[in-house]
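Open the model in a viewer and keep the selection tool at hand. The stops below each name something to select and then say what is there.

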Amino acid sequence: MAQIFHPSTNTLSRVSIFGILFLLVGGLFVMAEIYRSPYVTKATVVRDQPVQFSHEHHVAGLGIDCRYCHTTVEKSSFAGLPPTETCMSCHSQIWTNAKLLEPVRESYRTGNPIKWTRVHDLPDFVYFNHSIHVAKGIGCESCHGRVDKMPLMSKANTLQMEWCLNCHRNPEKFIRPRDEVFTMGYVPAEDQSVLGPKLVHDYKVNIRQLTNCSICHR
Amino acid sequence: MKRLKSPDAKEANVNVPVIAPGHTFGSITEKISSVVLKRRTSKGWFFGFAIGFSLLMLLLYTITYLVTTGIGIWGNNIPVGWAFDIIDFVWWIGIGHAGTLISAILLLLRQEWRTSINRFAEAMTLMAVLCAGLYPVLHTGRPWLAYWLFPYPNTMGVQPQFRSPLMWDVFAVSTYLTVSFLFWFVGLIPDMGTLRDRSTKRFAKAVYGMLSLGWRGSADHWRRYKIAYLLLAGLSTPLVLSVHTIVSFDFAVSVIPGWHTTIFPPYFVAGAVYSGFAMVLTLSIPIRRIYGLTDFITMRHLNNMAKVMLAMGLVVGYGYAMEAFIAWYSGNKYEWAMAYNRWTGPYAWSYWSLIACNIVIPQLLWIRKIRASTIWLFILSLVINIGMWLERFVIIATSLRRDFLPSSWATYKPSFWDFGMFLGTIGLFLTLLFLFIRFLPVINIFEMRELLHEKEAHEAGGEGHQ
């Protein structure tokens with residue numbers, strides 16, 4: 001009886017059996033990595049903005065408090081974007097002719113707000129509230145990173161659910177005293193493993209409640 | 001003594017052999033493989049395939065409408081949150097159980113009569129599990145996210161709820177599918193070799209050649225094959241019990257009156273084997289007739305299967321009796337109200353037809369003449385299939401329609417799409433079955449040869465007693 005297959009198919013079949021396993025496992029690994037990569041999450045990726053606003057300059061250089069611009073961060077779910085008037089409170093006096101600031105002046109003249117590109121955008125099925133986080137001692141830095149070191153704005157974290165849960169499951173690792181919330185480059189006064197649980201207790205953070213679905217998905 | 005080929009009715013009375021006399025290795029191989037390789041595809045095949053395929057199209061149509069519209073097209077709604085989807089799911093999963101029982105447990109118990117029916121009973125298991133799997137996946141409403149059922153390192157940082165029996169179901173059923181597939185495929189390898197060697201067309205040679213995974217039939221191959229097959233049989237054996245036990249937990253772990261009972265696991269397993277054997281009979285009776293395989297699937301097989309069915313029917317009957325007894329004996333008024341509602345409520349027809357189909361009518365199997373008649377067995381197997389479907393309907397619909405609050409009581413009515421989906425999965429089942437019959441050997445060729453060899457050796461050794 002004539003041979004149906006060339007002897008080389010033996011190797012081919014072994015390679016393919018072995019290969020399929022590695023392709024599957026490797027494929028799953030690659031997918032998991034891609035979903036967490038800056039390419040998908042846009043973490044650390046600088047977005048184009050109508051004005052090259054430098055948080056580094058304003059926060060670290062000039063020492064302006066976060067709340068000077070993000071006024072509603074302690075009272076509302078939304079931290080608030082400053083109206084052009086806030087910018088103009090200084091820039092009507094300094095750098096009045098800077099070319100970089102022309103879009104700001106134009107906005108002031110015409111009354112049309114500047115169209116910023118949103119950097120931190122959660123899906124609509126997530127109900128995030130800034131005020132509760134601030135009130136319970138979660139620093140701006142914990143989520144937004146060292147804004148005082150960002151000449152141009154980018155997300156410091158992925159904002160993926162696993163990242164949220166990282167803190168919602170173990171808030172004692174991230175919590176800080178309320179008066180340190182707006183501090184950049186905060187260093188705990190005592191060891192976080194001692195301070196954290198104490199603050200969780202003092203601020204009445206109910207850890208079990210923090211991972212209820214309806215805490216974020218209502 | 002020379003046995004003449006006798007008509008079916010007489011055959012059951014004597015100790016019928018598992019292979020009709022006069023066969024040789026060659027004739028067995030020829031007869032079984034010719035179905036695939038030589039015979040022209042019959043008109044009957046095309047007819048049956050056409051029916052199955054049309055119903056499969058109905059399934060695709062239903063699924064398309066379901067996915068684009070939502071599961072609101074089904075009749076189930078609160079409080080009857082589960083209906084046809086889980087009824088059909090349990091029904092299909094149950095049917096699969098006979099395949100595993102026949103191939104694994106009867107193999108380990110060395111029941112030689114399993115040989116000619118195990119192959120297509122296993123195929124039936126696979127197809128039934130595929131049909132069953134469709135329901136929960138589609139009931140999620142977003143089948144493209146069904147992979148969320150598996151624990152994988154997702155960016156949501158959450159894992160499935162391992163305390164939920166529905167989660168156990170995912171693992172039980174996917175394990176069942178995997179092991180059944182491996183068992184079936186490993187069993188096919190030597191026969192694929194036979195088909196490869198006997199086929200005349202190049203394409204068929206190549207396909208069967210690939211599927212036979214380089215089988216040469218050397219002593220080494222056989223030794224490894226035997227070990228692998230036994231190991232798989234050992235793996236499958238606990239599955240016969242575990243899969244339907246876990247399916248029953250979907251109900252038993254809840255606190256719904258009529259569901260919250262400890263008898264559910266054994267009672268579900270018995271029901272599964274019961275319906276599975278009924279399905280094997282429903283399929284094997286026409287197949288052996290149409291393809292002239294009465295020499296291999298003899299009255300002995302049908303008779304044995306009928307006996308297994310009768311025994312399982314009695315176990316299931318005990319289950320029904322205990323359900324009723326405990327409803328009364330527990331003194332739990334909700335349980336009793338539910339039982340009373342089953343017997344006299346708007347679904348009383350389904351309860352009493354279930355009792356008729358599963359308990360009363362199958363008692364005919366005590367009669368030897370009925371067990372010896374293929375027509376009767378065929379009818380009874382259909383009746384039991386219907387009865388087992390009704391059982392799941394009764395368990396699910398009558399228990400759910402009365403919530404704890406009278407304000408949320410409701411009556412369940414299936415919609416057209418519920419039936420469309422059910423008929424559709426029957427279509428999928430039939431389509432796969434007909435393809436299987438056409439392209440793969442329905443009976444295990446090499447095991448039949450082995451059986452013949454053992455029989456001859458036995459007869460040669462004990463001539464004086466014959």
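Start by selecting Leu159(A): with 19 C-beta neighbours inside 10 Å, Leu159(A) counts as partly exposed, because burial takes 20 or more. The model is predicted, so local features such as this one are described only where pLDDT is at least 70. Leu159(A) sits in the loop that runs between helix H8 (140–144) and helix H9 (161–169) of chain A. Check its backbone: phi is positive, about 60°, although Leu159(A) is not a glycine. Most residues other than glycine have a negative phi, and most peptide bonds are trans.

Stay on chain A and select Lys42(A), which is also not a glycine and has a positive phi of about 65°. This residue belongs to the loop between helix H2 (38–41) and helix H3 (55–61) of chain A. Is Lys42(A) buried or exposed? Lys42(A) has 17 C-beta neighbours inside 10 Å and therefore counts as partly exposed.

**Between the chains**

Next, display the contact of the two chains. Ten residues of chain A and eight residues of chain B take part. On the side of chain B that touches chain A, three residues are nonpolar, four are polar and one is charged.

**Chain B: H2, H3 and a cis bond**

Select helix H2 of chain B, residues 25–37. At 1.5 Å a residue, its 13 residues should span 18 Å, and the 17 Å between its end C-alpha atoms agrees with that. Which residues of H2(B) are buried? They are Ile28(B), Thr29(B), Ile32(B), Ser33(B) and Val35(B). An α-helix has 3.6 residues a turn, so residues three or four places apart point the same way.

Now select helix H3 (residues 43–69) together with helix H15 (residues 416–439), both of chain B. Two packed helices are described by the angle between their axes and the distance between the axes. The axes of H3(B) and H15(B) come within 6 Å and cross at roughly 140°. That angle falls short of the range over 145 that counts as roughly antiparallel, so H3(B) and H15(B) are oblique to each other. Their crossing is left-handed. The contact of H3(B) with H15(B) has 17 nonpolar residues, nine polar and one charged.

Move on to Pro79(B), in the loop between H3 and helix H4 (84–108) of chain B. The peptide bond that joins Ile78(B) and Pro79(B) is cis, with omega about 5°.

**Chain B: H6 and H8**

Select helix H6 (residues 165–198) and helix H8 (residues 219–252) of chain B. Their axes come within 9 Å and cross at roughly 155°, and H6(B) and H8(B) are therefore roughly antiparallel to each other. The crossing of H6(B) and H8(B) is left-handed. By class, their contact has 22 nonpolar, four polar and two charged residues.

**Chain B: along H9**

The last selection is helix H9 of chain B, residues 264–290. H9(B) reaches 39 Å from its first C-alpha to its last, close to the 39 Å expected for its 27 residues at 1.5 Å a residue. The helix is mostly covered, with 20 of its 27 residues buried.

Pick Pro266(B) in H9(B). With 18 C-beta neighbours inside 10 Å, Pro266(B) counts as partly exposed. A distance label from its C-alpha to that of Glu335(B), 69 residues apart along the chain, should read 20 Å.

Go along H9(B) to Val273(B). Val273(B) has 27 C-beta neighbours inside 10 Å and so counts as buried. Leaving aside neighbours within four places in sequence, Val273(B) is in contact with His97(B), Ala98(B), Leu101(B) and Met312(B). Its C-alpha is separated by 9.6 Å from that of His244(B), 29 residues apart along the chain.

Add helix H5 of chain B, residues 115–139, to the selection. H5(B) and H9(B) pack at an angle of about 115°, with their axes 11 Å apart, and the crossing is right-handed. Where do the two helices meet? Ile117(B), Phe120(B), Ala121(B) and Met124(B) in H5(B) meet Met279(B), Val280(B), Leu283(B) and Ser284(B) in H9(B). By class, seven of the residues in this contact are nonpolar, one is polar and none is charged.

Finish just after H9(B), at Gly292(B), which takes a positive phi of about 60°.

Notes. Residues are numbered from 1 along each chain as its sequence is written. Chains are lettered from A and ligands numbered from 1 in the order in which they are written. This is a predicted model: local features need pLDDT of at least 70, side-chain atom pairs count only at pLDDT 80 or more; totals for chains, interfaces and linings use all residues. Two residues are in contact if their C-beta atoms, placed from the backbone, lie within 7 Å. Ala, Val, Leu, Ile, Met, Phe, Trp, Tyr, Cys and Pro count as nonpolar, Asp, Glu, Lys and Arg as charged, and the others, Gly among them, as polar. Axes are lines fitted to C-alpha atoms, for helices over the stretch in contact, and angles run from 0 to 180 degrees between N-to-C directions. Helices (H or I, at least four residues) and strands (E, at least two) are DSSP runs, numbered from the N terminus. Angles under 35 degrees count as roughly parallel, over 145 as roughly antiparallel, 65 to 115 as roughly perpendicular and the rest as oblique. A crossing is left-handed if the near helix is turned anticlockwise from the far one by less than a right angle, and right-handed if clockwise. The expected span of a helix is 1.5 Å times one less than its number of residues. A residue is buried if 20 or more other C-beta atoms lie within 10 Å of its own, exposed if 12 or fewer, and partly exposed in between; C-beta atoms are placed from the backbone.
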